[in-house]
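Work through the exercises below with the model open beside you. Each task is followed by its solution in steps.

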Amino acid sequence: MAIAVSARSLVKKFGRREVLHGVDFDVEAGTVFGVIGPNGAGKTTTMRCLLDIIRPSGGEVRVLGVDPRRGGPELRRRIGYLPGELFLEGRVTGRRLLAHYEAISGPVPAGRIDALAERLALDLDRHTRKLSKGNKQKLGLVQAFMHQPELLVLDEPTSGLDPLVQQEFHAMVREARHRGQTIFLSSHVLSEVQQTADTVAILRDGRIITVESVTGLREGAVRRVRFTAHGIAARDAVALLTGVPGVGQVEVLEADGAVTLSATLEGAIQPLVRMLGQLELTDLVLEEPDLEEAVLRMYAGPWEALR
Amino acid sequence: MKTSLPLFRRAFFDPWRSTLAWAAGLAAAAFLYLPLYPSIGGSAQMQELMDALPVEMTKALNYDQIATGPGYTQATLFGLLGFLLMTIASVAWGAAAVGGDEESGQLELTLAHGVRRVQVVLERALALLLRVLILAGVVFVLVSLLNGPSQLGIEPDNLAGATVLFAGLALLSGTAALCAGTVTGRRTHGISAGAAVGVLGYVFNAVGRQSQDVEWLLDISPYHWAYGNSPVVNGADWAAAAWLWGLSAALVAIAAVALERRDVGV
């Protein structure tokens, strides 16, 4: 499959402070690639390198097959960019501002701006500096999506948006992907990336800790399981459960009459299901995996190891 | 929709309120000073007052030439209040053009679009140039209109030449602000540099005229390059005009090269 964006040993220094210490990743064309990481991890710096807003100190970047340093305006017309912190000042209406950005980006299909504004419930005739943070963000999204670019680079795209508009944004990302556009987005919360992305890269302190498909992340994540069974002693139930690979933190919640146990499960669920089949269950809860927790452990893990 | 010079259009047309306000300020300055000439500048009483003032003071204010209509116009409008207003406007616009835009975070988004950095600097410098020319044009037209009624007796050719120098002097402060703002990415640095050119130019002229020992100060004063021979009275020194405009062009070129070579928004 074609690669839309790639970075090899990407290094960025600001003076003596090194912000990116050799970042590597590949984004397949037509997929949604999410970068998550705590504030200051280097997400914004990486994105700015893709747009040639800042220049790498070392390593190699390719965007749509071109080095952004050499791609020039022709390359950037093929990209839609939403900066992490969007500042829109001046006494102009949203419509006028978008007309300006339209003049300096790729061709925008007729009626596209109004259609996007309507989807996001954005009033284009208000002055931009009077807009709330969420409405400015919507204007930024329209500006990034309007020319249907081959690549969308979106830095914290849902910040400031209310949940309904976030849903609409997720739908827009899915549609863009369906049209074959590639989306590179960042977030500091996983749940957002999880809903839209095919692949997730975790960035911490200027390094990629892991690149994983969302499915893979889900498999590696920790689930919580709780069940109630009849006709078995608590001791035996605990022994059975502890025998299942990946099970930890077994707790007995109730032991008189029916036995209620809770535990965590990491990895495959099949062995657990097989074991549960032997029991006479009256209740079973297997929760959605908590990816957030999985990621937090990844943030923390190597850090602990370093100390 | 493809329009030519999209960045220029935005930089020139969107802030029309600001352009208009400064034009109104300059018009007010012209209407304040010039109609008073028959009763003040040319009168014998005024000349007596001038003679009574310390000669250092009249020299510093360029009021030593105030007894004639062209000298009065040179000293009051072109040399003082008009110069001040033009310089402030030009410096404010120049500092905001790139440095201010970067500091407010908006330049990043512009550069992420299909534009070249050199193009950003040049189109915005063009907007600065045209706005300064509009202000200078307003002054030219108003002085021309008031020339007769206020009995100023200014030669039209001299007025045209003086206006070219007037615009060139303000533009030099503005392009210094644009250049420093673009190189540093900070609006305040742009304002400092632009104000330094304007204020030091004025001060060096005022001090340099006091005695021969400090005459060298005149050589490094843009204000003196422009106004040393009182262009409203004697006509423009075209070499000085070319020098002022050429320096502005060089400062814009430096800004364009500097922006091309550095990281933005860090």
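**Exercise 1. The contact between the chains**

How many residues does the contact take from chain B, and how many from chain A?

Step 1. This is a predicted model, and totals for interfaces use all residues. The contact takes 22 residues from chain A and 21 from chain B.

Step 2. Look at the side of chain B that touches chain A. The elements giving two or more residues to that side are α1 (6-13) and α6 (106-111) of chain B.

Step 3. With four residues, α6(B) gives the most to this side.

Step 4. Sort the residues on this side of chain B by character: six are charged, seven polar and eight nonpolar.

**Exercise 2. The open sheet of chain A**

Give the strand order of the six-stranded open sheet in chain A, and find its edges.

Step 1. Reading across the sheet, the order is β5-β6-β7-β3-β8-β9 (chain A), with mixed pairing.

Step 2. An edge strand pairs on one side only; in chain A these are β5 (79-82) and β9 (207-213).

Step 3. For the twist, ignore strand direction: neighbouring strands of this sheet are turned by 15° against each other on average.

Step 4. Take one pair in detail. In chain A, β3 (residues 32-36) and β8 (residues 199-204) pair in the parallel sense over four bridges. In β8(A), A:V200 is the bridge partner of A:G34.

Step 5. Add the helix. Helix α5 (residues 133-145) of chain A lies across β5 and β6 (151-155) of chain A. The angle between α5 and β5(A) is about 170°.

**Exercise 3. Positive phi at A:D52**

Where does A:D52 lie, and is A:D52 buried or exposed?

Step 1. A:D52 is not a glycine, yet its phi is positive, at about 65°.

Step 2. Place the residue in its chain: A:D52 is in the loop between α1 (43-50) and β4 (58-63) of chain A.

Step 3. Apply the cut-off: a residue is buried if 20 or more other C-beta atoms lie within 10 Å of its own. A:D52 has 24 other C-beta atoms within 10 Å, so A:D52 is buried.

**Exercise 4. Positive phi at B:S230**

Repeat the analysis for B:S230, starting from its phi.

Step 1. The phi of B:S230 is positive, about 50°, although B:S230 is not a glycine.

Step 2. B:S230 lies in the loop between α11 (222-227) and α12 (231-234) of chain B.

Step 3. Count the surroundings of B:S230: 22 other C-beta atoms lie within 10 Å, and therefore B:S230 is buried.

Terms used: Residues numbered from 1 in each chain as written. Chains lettered and ligands numbered in written order. Predicted model: local features only at pLDDT ≥ 70, side-chain atom pairs only at ≥ 80, totals over all residues. Pairing = 2+ DSSP bridges. Axes fitted to C-alpha atoms, helices over the stretch in contact; angles between N-to-C directions. Contact = placed C-beta atoms within 7 Å. Buried ≥ 20, exposed ≤ 12 C-beta atoms within 10 Å, placed from the backbone. Nonpolar A, V, L, I, M, F, W, Y, C, P; charged D, E, K, R; others polar.
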